Amino acid sequence: MKASRWLVVAAVLASLLGVTGCGGDDEEAGSASESAQQAEKFPADTTMGKIQKKGEIPIGVKYDVPPFGFKNPQSGDIEGFDVDIGNAVAEQLGVKPKFIEAISDNRIPFLENGTADLILSTMTINAERDQEIDFSEPYYVARGRILVGPDSDIAGVKDLGGNSVCTALGSTYEETLSKQAPKAERKLVDSYSECLELIQNGAVDAVSTDDVILTGMIIQDDSLKLVGDELTTEPYGAGIKNGDKEFKEFVDGVIGDMKSDGRWQKAYDKWVGQYTKEQQKPPTMTLQEALEIGG
Amino acid sequence: MDDYLDLLTGNLPELASGMWVTVRLVAISFGIAMGAGTLVAALRVAPSAWLQRLGGLYVEVFRNLPLLVLLFITFAGLRRAGVPVSPWVAGTASLGVYTSAYVAEVLRSGVFSVSRGQIEASLSLGFTYGATLRRIVLPQAFRTVISPLGSLIIAMIKNSAIIGVSLLALPDLLKSARVIQSRTFETNEAFFWAAVGYLLLTATVTALIRVLESRYAIRR
Amino acid sequence: MSYLFDPANWEWLVTGNNFRFILEGFLVNLEIAVIAMAFALAFGLLLALARLTRVRPVAVAAGAWVDVFRNLPLIFLILYLALGLPAPWRNAYEDVVPSFFPEALQSGRVLAALLGLVLYNSAVLAEIMRAGILSLDRGQGEAASALGMTYGQSLRFVILPQGLRRMVPATVSQLITLNKDTTLVSIIAIQEVMRHGRIVTGFNFFGGVQAPVLQVFLFIGALFVLTNFLLSQLSRRLEVRERRLTAGRVTPTVAGVEDQVAAEPVR
């Protein structure tokens with residue numbers, strides 16, 4: 001499905017290239033074929049073309065959510081599963097990725113005001129966000145869970161009762177928790193690193209968010225544990241500026257390629273599978289299905 | 001204009017409770033600041049050089065330490081070390097101790113504003129140093145310092161805003177506005193009303209101080 | 001208590017890149033403070049002059065502006081600007097910022113932080129400067145006009161040089177406060193020392209040494225206390241010099257505001 005769409009896009013672009021290439025001098029023709037080997041050159045009025053002109057693509061990622069997006073204090077590099085996807089997109093464009101920090105609260109504004117061209121920051125696809133931005137096809141399906149400390153006897157969301165649970169401002173869990181655990185006291189903070197701090201020092205009884213983020217916390221402190229059934233299914237999508245169909249198709253193409261040529265599996269095993277000890281295959285959920293979840 | 005009023009009416013309980021949290025935070029912290037500040041001021045004017053230096057160290061540390069760092073140390077740091085401080089305790093203790101260094105300095109200058117002659121007279125009448133401090137110097141010093149203390153209260157109102165949006169996540173006025181904004185995306189409206197709230201608080205304190213000053217302050 | 005001094009809890013300081021990582025963050029704070037101070041001084045001077053002008057509407061407007069921005073929490077301003085600053089402004093900032101600046105300062109969000117700091121501190125400095133100018137002997141201004149200087153000339157050659165010089169110790173004192181306030185920008189996700197500290201406490205992820213929160217932030221606190229202490233020593237020395245130069249007739253500091261509480265008692 002995605003492969004044929006990609007072919008159509010490639011055909012259209014190739015014909016455009018042919019038109020612009022006509023009448024150009026030898027040098028231009030030469031460089032066009034050269035960069036076509038490294039990366040497809042896009043017309044200047046598409047987002048891809050603009051990015052190529054800039055020479056870099058600003059991508060919003062998390063800086064404090066291992067294993068998806070985090071800053072390695074030893075090397076100073078930004079690393080993670082989301083980062084690997086961002087690198088693939090940038091590579092396909094032949095430009096350098098410029099990773100900037102996008103916390104849950106400002107990632108949509110970043111797309112709207114152009115601070116970032118792409119958001120890969122563990123962002124769940126939902127209908128409400130889809131009104132303000134466009135999503136790529138799901139590149140990962142996380143599940144909402146509850147994380148508790150070693151001495152806790154909370155076994156799931158129903159046990160939350162009047163306990164305190166931490167989640168990030170602007171995340172989907174603000175609402176999910178008020179629906180599924182209405183009596184729980186919600187502690188809303190700026191970033192999940194604060195939630196981790198709060199549960200480690202016992203100031204909150206639980207943290208609720210995508211299991212991947214929770215896994216990142218377990219990696220840092222293995223006394224914490226995941227409990228209960230999944231609260232929600234959270235398909236992650238890359239965030240793209242509203243209405244930019246061409247760029248969405250491009251990104252979908254890159255993601256599709258990664259799923260089929262093994263790069264996805266490699267990234268998963270490296271960043272997630274090795275810690276959760278769980279197996280997963282590339283998600284087959286479509287964007288439409290993802291939007292229908294949650295009603 | 002409509003948007004602004006709608007946001008206010010739609011969220012009044014949350015904003016009002018946020019403002020109340022701010023008021024309580026500042027009130028409790030002020031109590032701590034006055035208590036600790038008085039103690040430290042006493043240290044600073046004590047006859048022993050060692051005590052003076054101790055007081056001086058306290059003042060230097062807490063005037064040069066950022067409040068946010070202090071919040072982290074008292075809340076996250078202490079909890080990890082095994083002391084179960086709650087966000088309220090950590091918040092009020094931090095803000096209180098932080099401000100107490102300034103209170104101590106204000107009180108110290110207030111004490112010095114009482115002329116030496118009074119202290120000497122009191123001592124020669126047989127009052128102990130402690131009694132002199134308590135009955136002669138401090139009452140007069142307090143009256144001199146009404147205005148600077150008022151400024152410190154205003155500074156505390158402003159500093160209290162840090163507590164809500166920090167790790168401690170207490171639902172004060174600024175935090176409430178932020179949560180409302182995160183829900184409704186109406187940034188200007190939510191923050192406008194928070195600003196109104198803060199300005200109301202500072203204006204009230206300013207007015208109160210002026211009233212107190214006109215009644216009690218010593219004019220020099 | 002033993003937790004505090006246990007050397008195992010301090011081992012992180014000498015392991016790997018941690019020490020340098022935190023210092024790099026601290027450098028970002030200092031840079032933000034210096035840049036904000038420069039702009040705040042410039043804008044503050046404008047505001048002070050606006051308040052002192054004989055054109056009443058301007059003086060009243062400036063007065064209202066200063067009163068509003070002095071009474072709003074700084075974190076409020078920073079947060080509001082971070083959430084509400086329009087994209088063109090942010091892009092303009094990113095274009096203007098020189099490339100030799102550290103990566104943390106390249107982001108458009110830093111503009112929100114700087115604007116917030118400048119708006120707040122310029123209002124505070126405007127009051128300091130106004131007090132300094134007003135504290136000048138009336139005779140100075142009168143002598144200047146007797147000599148035939150216009151208002152503008154008397155400002156430039158007589159009043160401002162003297163008035164502003166008096167404010168130097170108070171200004172250095174305000175720089176200390178500004179230095180502390182730069183930690184607030186961590187709340188809008190700028191990579192400075194607080195954020196670096198939090199990353200270091202999560203160091204365990206990389207199989208390294210556990211860096212406990214208490215020790216890390218005590219260390220960060222010590223960095224600030226040391227730097228600000230040195231600045232305050234500078235301020236005190238300047239104050240003493242000012243006293244000597246004005247033969248003790250002038251009290252250089254504005255008493256009553258948190259940041260300007262007189263270090264030496266008023267006699």
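# Helix packing, interfaces and salt bridges

Q: What makes H3(C) and H6(C) a pair in contact?
A: C:Trp65, C:Val66, C:Phe69 and C:Arg70 in H3(C) meet C:Leu119, C:Tyr120, C:Ala123, C:Val124, C:Ala126 and C:Glu127 in H6(C), where contact means heavy atoms within 4.5 Å. These residues divide into eight nonpolar, no polar and two charged, given that Ala, Val, Leu, Ile, Met, Phe, Trp, Tyr, Cys and Pro count as nonpolar, Asp, Glu, Lys and Arg as charged, and the others, Gly among them, as polar.

Q: How do you know which atoms and residues enter such statements?
A: The model is predicted, and local features need pLDDT of at least 70, side-chain atom pairs count only at pLDDT 80 or more, while totals for chains, interfaces and linings use all residues. Residues are numbered from 1 along each chain as its sequence is written, chains are lettered from A and ligands numbered from 1 in the order in which they are written, and side-chain values use heavy atoms, with hydrogens and water left out.

Q: Why are H3(C) and H6(C) called oblique to each other?
A: Helix H3 (residues 56–71) of chain C packs against helix H6 (residues 109–134) of chain C at an angle of about 120°, with the axes 8 Å apart; axes are lines fitted to C-alpha atoms, for helices over the stretch in contact, and angles run from 0 to 180 degrees between N-to-C directions. Angles under 35 degrees count as roughly parallel, over 145 as roughly antiparallel, 65 to 115 as roughly perpendicular and the rest as oblique, and H3(C) and H6(C) are therefore oblique. H3(C) passes H6(C) in a left-handed crossing, a crossing being left-handed if the near helix is turned anticlockwise from the far one by less than a right angle, and right-handed if clockwise.

Q: Why do H9(C) and H11(C) count as roughly parallel or roughly antiparallel?
A: The axes of helix H9 (residues 168–181) of chain C and helix H11 (residues 213–245) of chain C come within 8 Å and cross at roughly 170°, and H9(C) and H11(C) are therefore roughly antiparallel. The contact of H9(C) with H11(C) divides into nine nonpolar, six polar and three charged residues.

Q: What makes H3(B) and H4(B) oblique?
A: Helix H3 (residues 67–80) of chain B and helix H4 (residues 87–113) of chain B have axes 9 Å apart at an angle of about 140°, and the two are therefore oblique to each other. The crossing of H3(B) past H4(B) is right-handed. On the side of H3(B), the contact is made by B:Leu67, B:Leu70, B:Leu71, B:Thr74 and B:Phe75, and for both helices together the residues are eight nonpolar, three polar and no charged.

Q: How do you know how many helices and strands chain B has?
A: Helices (H or I, at least four residues) and strands (E, at least two) are DSSP runs, numbered from the N terminus, and in chain B they come to nine helices and zero strands.

Q: What area is buried between chain B and chain C, and which residues of chain B supply most?
A: Buried area, the accessible area (1.4 Å probe) that two parts lose on being put together, summed over both, is about 3800 Å² here, with carbon and sulfur atoms giving 71%. B:Asn64, B:Phe72 and B:Lys158 supply 16% of the area that chain B buries against chain C, more than any other three residues. Between chain C and chain A the buried area is about 2100 Å², of which carbon and sulfur atoms give 51%.

Q: Why is the pair B:Glu60 and C:Arg236 called a salt bridge?
A: A salt bridge is a side-chain nitrogen of Lys or Arg within 4 Å of a carboxyl oxygen of Asp or Glu, and the side chains of B:Glu60 and C:Arg236 meet at 2.9 Å, N to O. One salt bridge is found across the interface of chain B and chain C.

Q: What makes C:Arg198 and A:Glu194 a salt bridge?
A: Their closest N and O atoms are 3.2 Å apart, and the count between chain C and chain A is two salt bridges.
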